[in-house]
Each structure stands twice: as structure tokens, then as C-alpha cells.
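This report describes the fold, the helices and selected residues of one protein chain. The sequence and the structure are shown first, and the description follows.

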Amino acid sequence: TAFLGMELACVHIPKIKNASTIFPKAMLLAIVLITLTMGLGSLLVALIIPHQKIVIVTGTIATFDTLFGAFHLSFLLQFQLLISYMFLQIKLQRFLK
């Protein structure tokens with residue numbers, strides 16, 4: 001999902017001088033940066049959370065619970081849930097319009 005919307009950058013091609021050279025380089029840089037940051041984030045979660053506690057089915061909330069618990073920041077889970085709920089409400093309101 002990190003690469004969704006990258007094609008929207010194409011609308012700016014007419015505004016770029018020497019776009020045939022610069023645009024592919026910019027897209028390659030974006031792909032490399034996204035891959036590195038997403039990979040590094042996944043690797044850090046895998047290093048911090050014991051492999052016995054990583055369960056795909058339970059999803060993100062269980063991962064955040066374990067991650068916050070490892071650093072004695074369990075109170076942040078409620079904040080994370082609140083943000084997720086608010087984001088979901090906004091998306092739902094936009095969808096229903």
C-alpha cells in the first residue's frame with residue numbers, strides 16, 4: 001500500500017524541464033526510499049517483538065500492544081486506538097457522502 005498513488009505524480013511531468021531524465025530518477029528514488037523505510041520498520045518490529053507473539057490474524061493492535069509494552073509505554077495503546085477510530089470515522093463519513 002506504500003506505493004499507492006505514485007502514478008498521480010505523472011500529472012506534473014509537463015511542468016518539469018528535461019522530464020524524460022529527471023522524472024524516472026525521481027520515481028526510482030521514491031521507490032528506493034519507500035522500500036527502505038517500510039523494510040526497516042518491518043525489520044525493527046520483527047527484532048523488538050518476539051516471533052512467538054507476532055500473529056498476522058490479530059493484526060496491528062496486538063503488534064502495537066506488544067511494541068508499546070516492550071518499552072513500558074502501554075498507555076500509548078489507548079492513544080493509538082483513538083487515532084485509528086477517528087481516522088476510520090473520517091473515512092466512513094467521506095464514503096457515505
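## Helix α1

The model is a predicted one. Its helix α1 comprises 30 residues and spans 42 Å between its first and last C-alpha atoms, close to the 44 Å expected at 1.5 Å a residue. Within α1, the residues A19, F23 and I34 are buried.

I48 also belongs to α1, which covers residues 19-48. Because its relative accessible area is 32%, a value between the limits of 20% for buried and 50% for exposed, I48 is classed as partly exposed.

## Overall architecture

The chain contains 3 helices and 0 strands. Read from the N terminus, the order of its elements is α-α-α. The second helix, α2, occupies residues 59-70, and α3 occupies residues 76-96.

The radius of gyration of the chain is 19 Å, whereas a compact globule of 97 residues would have one near 13 Å. Along the principal axes, the C-alpha atoms fill a box of roughly 50 × 40 × 25 Å. Among contacts with a separation of 6 or more, 24% join residues that are 24 or more positions apart.

## Surface and burial

Of the 97 residues in the chain, 8% are buried. The accessible surface amounts to about 8200 Å², and carbon and sulfur atoms contribute 74% of that area.

A nonpolar patch lies on the surface and is formed by L40, L43, L44, L47, I48, F71, L73 and F75. Together these residues have about 780 Å² of accessible area. One member of the patch, I48, lies in α1.

## The segment before α1

Two residues of the segment before α1 are described here: I13 and N18. I13 has a relative accessibility of 30%, so it counts as partly exposed. Apart from neighbours within four places in sequence, I13 is in contact with A19 and F23, and both of these partners are buried residues of α1.

The C-alpha atom of I13 is separated by 39 Å from that of A46, a residue 33 places away along the chain. N18 shows a positive phi of about 60 degrees, although it is not a glycine.

## The loop between α1 and α2

I54 is located in the loop that connects α1 and α2. Its relative accessibility of 40% lies between the 20% and 50% limits, and I54 therefore counts as partly exposed. When neighbours within four places in sequence are set aside, I54 is in contact with A46 and I49.

The C-alpha atoms of I54 and A9 are 35 Å apart, with their positions 45 residues apart along the chain.

## The loop between α2 and α3, and helix α3

H72 is found in the loop between α2 and α3. This residue has a positive phi of about 55 degrees although it is not a glycine. H72 counts as exposed because its relative accessibility is 69%, and the exposed class begins over 50%.

L82 lies in helix α3. With a relative accessibility of 46%, under the 50% limit for exposed residues, L82 counts as partly exposed. The C-alpha atoms of L82 and L47 are separated by 26 Å, and the two residues are 35 residues apart along the chain. L47 is itself one of the residues of the nonpolar surface patch.

Conventions: Residues are numbered from 1 along each chain as its sequence is written. This is a predicted model: local features need pLDDT of at least 70, side-chain atom pairs count only at pLDDT 80 or more; totals for chains, interfaces and linings use all residues. Side-chain values use heavy atoms; hydrogens and water are left out. Patches are made of residues with over 30% relative accessible area and no salt bridge: like charges are joined within 9 Å, nonpolar side chains (Val, Leu, Ile, Met, Phe, Trp, Tyr) within 5 Å. Accessible areas come from the Shrake-Rupley method with a 1.4 Å probe; for residues, only the protein chains shown count as cover. A salt bridge is a side-chain nitrogen of Lys or Arg within 4 Å of a carboxyl oxygen of Asp or Glu. Helices (H or I, at least four residues) and strands (E, at least two) are DSSP runs, numbered from the N terminus. Buried means under 20% relative accessible area, exposed over 50%, partly exposed in between (1.4 Å probe, protein chains only). The expected span of a helix is 1.5 Å times one less than its number of residues. The radius of gyration is taken over C-alpha atoms; the globule rule is 2.2 Å times the number of residues to the power 0.38. Contact means heavy atoms within 4.5 Å.
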